[in-house]
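Student: Could we go through this structure together? I would like to see how each label is earned.

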Amino acid sequence: MAKRDFYEILEVSKSASADEIKKAYRKMAIKYHPDKNPGDKAAEEKFKEAAEAYEVLSDASKKQRYDQYGHAGMGSSGGGFNGGGMNMDDIFSQFGDVFGGGGFGDFFGGSSGRGGRTRANVGSNIRIKLKLTFADIKNGVEKKIKYRKLVVAKGTTFKECSTCKGAGQVNRVTQTFLGHMQTVSACPTCGGSGKMINNRPAGANEQGLVYEEIETTIKIPAGVMEGMQLSINGKGNAAPGGGIDGDLLILIEEERHAELERQEQHVIYNLAISVVDAILGCSVEVPTIDGKAKISIEPGTQSGKVLRLRAKGFPEVNGYHTGDQLIKVHIWIPKKVSAEETEMLKKLSASENFSSKNAKKDKGFFDKMKDYFG
């Protein structure tokens with residue numbers, strides 16, 4: 001199951017300040033705290049989920065990686081907690097400043113939803129797919145793309161929302177077993193923008209928006225992978241009421257290479273040579289991402305041998321390591337031979353060097369791969 005967007009979990013926009021993120025986390029933690037929801041496993045998981053989101057978004061460097069690459073940019077460690085593997089003690093210990101010391105009384109001592117607008121009015125995101133060649137991925141590339149987005153139509157004007165008086169939110173006080181509790185939600189009339197449309201030009205929708213074709217150049221960093229999603233802030237649809245534009249999300253797709261395969265940062269090539277070339281050795285030309293390279297096949301090369309071209313693979317995104325090109329040697333056996341060739345092979349089969357007993361001394365392909373990666 002795909003992990004939820006961290007901003008969605010905390011109900012904040014990407015432009016939210018560190019203080020807003022902290023307040024949003026506190027609000028979520030109060031809502032799903034186990035002491036408020038005894039025995040509710042779903043609430044407990046949401047409590048942990050909010051803590052994982054805050055652990056990433058409260059850290060400037062992690063937030064920057066997450067904003068650009070999403071969950072893929074977090075690596076194998078995810079947000080640091082790996083979902084349900086954390087316990088309540090870990091959360092209170094890690095974020096004691098948020099919980100006012102970690103005690104239940106301190107935790108609920110503050111009021112949620114006070115002061116100012118809780119969520120900025122943000123336009124919807126636009127998702128597009130972008131196919132890249134192996135060369136694009138290895139070296140990084142700039143791509144000029146065209147897409148359609150919603151923009152505020154010329155001549156559109158707005159006025160203050162009559163329901164929330166421009167605040168963008170409405171407050172509601174309810175009686176709970178803990179006493180009076182105040183909740184804050186987006187205004188149902190203006191959707192959180194604090195504005196209502198005053199003048200709508202012809203062709204615009206009820207929010208004063210129209211579609212416009214956009215052409216922009218995007219920079220793709222080297223080392224991206226199939227399925228990775230890049231985010232470009234402010235290139236998505238305009239927000240109703242003149243808020244913050246959404247993001248442009250680029251989903252990476254890899255074009256299939258005619259001869260090479262990708263394995264993480266490494267490139268795999270299957271090389272077929274004749275029995276004679278394997279026995280006597282030879283020099284062959286092999287394809288690489290950037291062109292071709294000449295390699296030497298040593299005399300007596302066995303089928304399954306793995307050769308390596310250093311740093312001919314893909315670089316890591318935001319890393320310093322570059323993968324290699326691994327060449328797996330296959331010995332091609334002809335299906336038909338002439339009478340003269342048959343006689344020659346029979347003579348060779350009687351030689352000690354051509355005895356199959358010697359095959360037991362050689363390592364298999366998977367053993368060689370273990371040696372390589374080990």
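Tutor: Gladly; the questions below take the labels one at a time. This is a predicted model, in which local features need pLDDT of at least 70 and side-chain atom pairs count only at pLDDT 80 or more, while totals for chains, interfaces and linings use all residues. Residues are numbered from 1 along each chain as its sequence is written, and side-chain values use heavy atoms, with hydrogens and water left out.

Student: Let's start with helix 2. What makes its span close to the expected one?

Tutor: Helices here are DSSP runs of H or I with at least four residues, strands are runs of E with at least two, and both are numbered from the N terminus. Helix 2 covers residues 18–32, which is 15 residues. The expected span is 1.5 Å times one less than the number of residues. For helix 2 the expectation is 21 Å, and the distance from the first C-alpha to the last is 21 Å.

Student: Which residues of helix 2 are called buried?

Tutor: Buried means under 20% relative accessible area, exposed means over 50%, and partly exposed lies in between, with a 1.4 Å probe and protein chains only. In helix 2, the buried residues include Ile-21, Ala-24, Tyr-25 and Met-28. Ala-29, Ile-30 and Tyr-32 are also among them, as is Arg-26.

Student: Why is helix 2 called roughly antiparallel to helix 3?

Tutor: Two packed helices are described by the angle between their axes and the distance between the axes. Axes are lines fitted to C-alpha atoms, for helices over the stretch in contact, and angles run from 0 to 180 degrees between N-to-C directions. The axes of helix 2 and helix 3 (residues 41–57) come within 9 Å and cross at roughly 165 degrees. That makes the pair roughly antiparallel, because angles over 145 degrees earn that name, while those under 35 are roughly parallel, 65 to 115 roughly perpendicular and the rest oblique.

Student: Which residue of helix 3 can I use to look across to helix 2?

Tutor: Try Glu-44, which is found in helix 3. The C-alpha atoms of Glu-44 and Ala-29 are separated by 9.6 Å, with their positions 15 residues apart along the chain. Ala-29 is one of the buried residues of helix 2, whereas Glu-44 has a relative accessible area of 22% and is therefore partly exposed.

Student: How do you know that Cys-161 is not in a disulfide?

Tutor: A disulfide is counted for a pair of cysteine sulfur atoms within 2.5 Å. The closest cysteine sulfur to that of Cys-161 belongs to Cys-164, at 3.8 Å, so the two are too far apart for a bond. By this rule the count comes to 0 disulfides. Cys-161 has 0% relative accessibility, so it counts as buried; Cys-187, at 1%, counts as buried too.

Student: What makes strand 1 and strand 8 edge strands?

Tutor: Two strands pair if DSSP finds at least two bridges between them. The open sheet of 3 strands has the order 1-9-8 and mixed pairing. Strand 1 (126–132) and strand 8 (229–232) each have a single partner strand, so one side of each is left without a neighbour in the sheet. The twist averages 30 degrees from one strand to the next. Strand 1 and strand 9 (residues 248–254) run parallel and are joined by 7 bridges, with Ile-126 opposite Leu-248.

Student: Which strands are at the edges of the sheet of 4 strands?

Tutor: That sheet is open, with the order 10-11-15-14 and mixed pairing. Strand 10 (261–263) and strand 14 (306–309) pair on one side only. Strand 14 and strand 15 (residues 325–332) are antiparallel over 4 bridges, and Leu-309 has Gln-325 of strand 15 as its bridge partner.

Student: Why is Ala-311 called partly exposed?

Tutor: Its relative accessibility is 42%, so Ala-311 counts as partly exposed. Ala-311 sits in the loop between strand 14 and strand 15, and its phi is near 60 degrees, a positive value in a residue other than glycine.

Student: And where is Glu-11, with its positive phi?

Tutor: Glu-11 lies in the loop between helix 1 (6–10) and helix 2. Its phi is about 60 degrees although it is not a glycine, and at 34% relative accessible area Glu-11 is partly exposed.
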